[in-house]
Amino acid sequence: MRLKLDNGINYDINAMFTLNKVNRGEAWAAFKGNFSAWPKGLVIPLEHKTTTRGLLSWLVVFTLYTVSLLILPLLCLFGYSTYAYSFFTKSDAEKLKQYKSDLKRVYSELSNIEDQVEYKKRLKEEITKIKPF
């Protein structure tokens, strides 16, 4: 179930309670990151033009978000998090950083190709080789 708030962001309610196996460190990092976002979620209705439907959606989302945050420390003990909080983990961030550096290398290697068709073809081939996801 997805709810859209007045700020234009969609929230997946099921993802807040779908377990995701990660290591304890990543689970704790996900908890800390999302716990620090809690005050920002509290002021969403005050920062945007609010509709009745948006306010009700915010109440549901914020309540469930708070409940799921309260469950996270217990889940962290067993190396679990929820999908909503750990869909992009630290290891994914490292893969993305490596991918960016590989892209820079590929661009520099292919920069001497003058034919646009050949350049696009080779670039596409190289990107498929280095994609992390």
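A salt bridge is a side-chain nitrogen of Lys or Arg within 4 Å of a carboxyl oxygen of Asp or Glu. Keeping that definition in mind, a search of the whole structure, which is a predicted model, finds three salt bridges. In general terms, side chains of opposite charge can pair when their charged atoms come close.

**Confidence of the model**

The protein chain has a mean pLDDT of 84, and 92% of its residues reach 70 or more. Confidence is lowest in helix α5, which covers residues 83-86 and has a mean of 72, whereas helix α4, covering residues 52-77, has the highest value, at 90.

**The salt bridges**

The table sets out each pair with the distance between its closest N and O atoms.

| Pair | N to O distance | Location |
|---|---|---|
| Asp12 and Arg2 | 3.7 Å | strand β2 and strand β1 |
| Arg105 and Glu109 | 3.2 Å | helix α6 |
| Lys129 and Glu126 | 3.4 Å | helix α7 |

Asp12 and Arg2 form a salt bridge, and this pair links distant parts of the chain, with Asp12 in strand β2 (residues 10-12) and Arg2 in strand β1 (residues 2-4), 10 residues apart. Asp12 counts as partly exposed because its relative accessibility is 26%, while Arg2, at 52% relative accessibility, counts as exposed.

The pair of Arg105 and Glu109 lies within helix α6 (residues 90-110), where the two residues are four residues apart, about one turn of the helix. Arg105 has a relative accessibility of 36% and so counts as partly exposed, and Glu109 is also partly exposed, with a relative accessible area of 44%. Looking beyond its own helix, Glu109 is 14 residues from Leu123 in sequence, and the C-alpha atoms of Glu109 and Leu123 are 9.8 Å apart in space.

Lys129 and Glu126 both belong to helix α7 (residues 116-130), and they are three residues apart, again about one turn of the helix. What does the accessible area say about the two partners? Lys129 counts as exposed, at 62% relative accessibility, whereas Glu126 has a relative accessible area of 16% and is therefore buried, since buried means under 20%.

**The nonpolar cores**

In soluble globular proteins, nonpolar side chains tend to be buried together. The largest nonpolar core of this model has 18 residues, of which Met16, Val61, Leu69, Leu72 and Tyr85 touch the most other members. The elements that give two or more residues to this core are α1 (24-36) and α4, and α4 gives the most, with eight residues. Apart from this core lies another, of seven residues, among them Val106, Leu110, Leu123 and Ile127.

Which residues is Leu69 in contact with, once its neighbours within four places in sequence are left aside? They are Phe31, Asn34, Phe35, Trp38 and Tyr85. Among these, Tyr85 is, like Leu69, one of the core members that touch the most other members.

**The largest pocket**

Rolling a probe the size of a water molecule over the atoms shows where empty space is left. In this model, the largest pocket holds about 460 Å³ of space. It is lined by 21 residues, and those closest to its centre are Ile9, Tyr11, Met16, Asn34 and Tyr65. Met16 therefore appears in two settings, as it also belongs to the residues that touch the most other members of the largest nonpolar core. The lining of the largest pocket takes two or more residues from each of β2, α2 (38-42), α4 and α5, and α4 gives the most to this lining, with four residues.

**The largest cavity**

How many cavities of 30 Å³ or more does the structure hold? The structure holds one, and about 50 Å³ of space lies in the largest cavity. The residues that line this cavity are Leu5, Asp6, Ile44, Pro45, His48, Thr50, Gly54, Leu55 and Trp58. Both α3 (44-47) and α4 supply at least two residues of the lining, and the largest share, three residues, comes from α4.

**Drawing the parts together**

Helix α4 recurs through this description. It gives eight residues to the largest nonpolar core, four residues to the lining of the largest pocket and three residues to the lining of the largest cavity, and helix α4 also has the highest confidence in the protein chain, at 90.

Terms used. Residues numbered from 1 in each chain as written. Predicted model: local features only at pLDDT ≥ 70, side-chain atom pairs only at ≥ 80, totals over all residues. Heavy atoms only, no water. pLDDT = per-residue confidence, 0-100. Core = buried A, V, L, I, M, F, W, Y, C linked by side-chain atoms within 4.5 Å. Buried < 20%, exposed > 50% of the residue type's maximum accessible area, 1.4 Å probe, protein only. Contact = heavy atoms within 4.5 Å. 1 Å grid on protein atoms, 1.4 Å probe; cavity = no way out; pocket = protein on both sides within 12 Å on 5 of 7 lines; lining within 4 Å. Points joined across faces, edges and corners; volume = space filled by probe spheres on them.
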